[in-house]
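Here is a short, friendly tour of one protein chain. Have a look at the sequence and the fold first, and then read on.

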Amino acid sequence: MGVDVCWDPAAEQPPARQAAFRSMTAVTAGDKEAWLALFAGDAVVEDPIGPSMFDEEGKGHHGHDGISAFWDKTIGCVNRFQFTIRDSHAAGDEVANVGTITTYLPGGYRVDTDGVFVYRVREDGLIVSMRAFWETERAMATARKAED
C-alpha cells in the first residue's frame, strides 16, 4: 500500500486541493449543508463518470438541487466514510487525487472504491466540477462484512 498524502493545514495548498480536502471532511462528518456550500450554483458532480446506478443517463448531477439529490441517493445512505489519498496532483485550477474511499454500509458491510477523483474550482475556490473515475463492478467485488 502507498504512503498517505499528508494534508498539512499549515502548508500552502493549491485551491483545488483545499476544496477537495473540505469536501472529504464534510462527507466524513455527514454534513450535507457544509458539503453543498463548497459547490458553485452551476457545478456538476459526475460520480462515477458515465452511466451508473446513481446516474442512468451518465450526464452528471447539476446545480445544488441535483447535487443535493445525489447526496441523498448515495452519501446519505452510508454509515461512515474513510478516505485514503495515496497521491495528489494539482495543476491550474484542478486537482486529481488517487486513492481509495472505504464506505461502511448498513448491515455491517464495507466497500473499497479505488479511483481518481478530480476537482476543478473557480477563482473564488468554489467547486465547479467533481469527476470520479472508478469502476462499479470492481468496487462491488470488494464488498464484505466489516471487521471493525
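## Getting started

Let's begin with a term: a residue is called buried under 20% relative accessible area, exposed over 50%, and partly exposed in between, using a 1.4 Å probe and protein chains only. Ala146, with a relative accessible area of 24%, therefore counts as partly exposed.

What you see is a predicted model, in which local features need pLDDT of at least 70 and side-chain atom pairs count only at pLDDT 80 or more, while totals for chains, interfaces and linings use all residues. Residues are numbered from 1 along each chain as its sequence is written, and side-chain values use heavy atoms, with hydrogens and water left out.

## The annotated stretch

UniProt, in an unreviewed entry, lists residues 22-130 as "domain: SnoaL-like". Its positions are given in the numbering used here, feature names are shortened, and annotations may be inferred rather than shown by experiment.

Helices (H or I, at least four residues) and strands (E, at least two) are DSSP runs, numbered from the N terminus. Over residues 22-130, the chain is 22% helix and 47% strand. The C-alpha atoms at the two ends of that stretch sit 13 Å apart.

## Strand S4 and its partners

Which strands does S4 pair with? Two strands pair if DSSP finds at least two bridges between them. S4 pairs with strand S3 (residues 80-91) in the antiparallel sense over 11 bridges, and 12 bridges join S4 to strand S5 (residues 109-121), again antiparallel.

Now for some individual partners. Ser88 has Asn97 in S4 as its bridge partner, and Thr84 stands opposite Thr100 in S4. Thr100 also stands opposite Asp114 in S5. Ala146, found in the segment after strand S7 (144-145), is 46 residues from Thr100 in sequence and 16 Å from it in space, C-alpha to C-alpha.

Both pairings come with a hairpin. The one made by S3 and S4 has two residues between the strands, and Gly92 takes a positive phi near 60 degrees there. The S4 and S5 hairpin has three residues in between, with a positive phi of about 90 degrees at Gly107 in the turn. As for S4 itself (residues 94-105), nine of its 12 residues are buried, so the strand is largely enclosed by the rest of the structure.

## Strand S1 and a cis bond

S1 is mostly covered too, with six of its eight residues buried. One residue in this strand is Glu46, which counts as buried because its relative accessibility is 16%. The C-alpha atoms of Glu46 and Trp71 are separated by 12 Å, though these residues are 25 apart along the chain.

S1 pairs with S6 in the parallel sense over four bridges, and Val44 has Ser129 in S6 as its bridge partner. S1 also pairs with S2, in the antiparallel sense over two bridges; here Val45 has His61 in S2 as its partner. In the loop between S1 and strand S2 (61-62) you will find Pro48. The peptide bond from Asp47 to Pro48 is cis, with omega near 0 degrees.

## The nonpolar core

A nonpolar core is a set of buried Ala, Val, Leu, Ile, Met, Phe, Trp, Tyr and Cys residues joined through side-chain atoms within 4.5 Å. The largest one has 31 residues, and Trp35, Phe39, Ile67 and Tyr119 are among those with the most contacts inside it. Elements giving two or more residues to this core include H1, helix H2 (32-36), strand S1 (39-46) and strand S6 (127-133). H1 gives the most, with six residues.

## The largest pocket

On a 1 Å grid over the protein atoms alone, a pocket is an open set of points where a 1.4 Å probe fits, with protein on both sides within 12 Å along at least five of seven lines; lining residues have an atom within 4 Å of a point. Grid points are joined across faces, edges and corners, and a volume is the space filled by probe spheres set on the points.

How much space lies in the largest pocket? About 560 Å³. Its lining has 28 residues, and Asp47, Phe54, Phe81, Thr103 and Trp134 lie nearest the centre. Among the elements that give two or more residues to this lining are helix H1 (15-29), helix H3 (63-73) and helix H4 (136-140).
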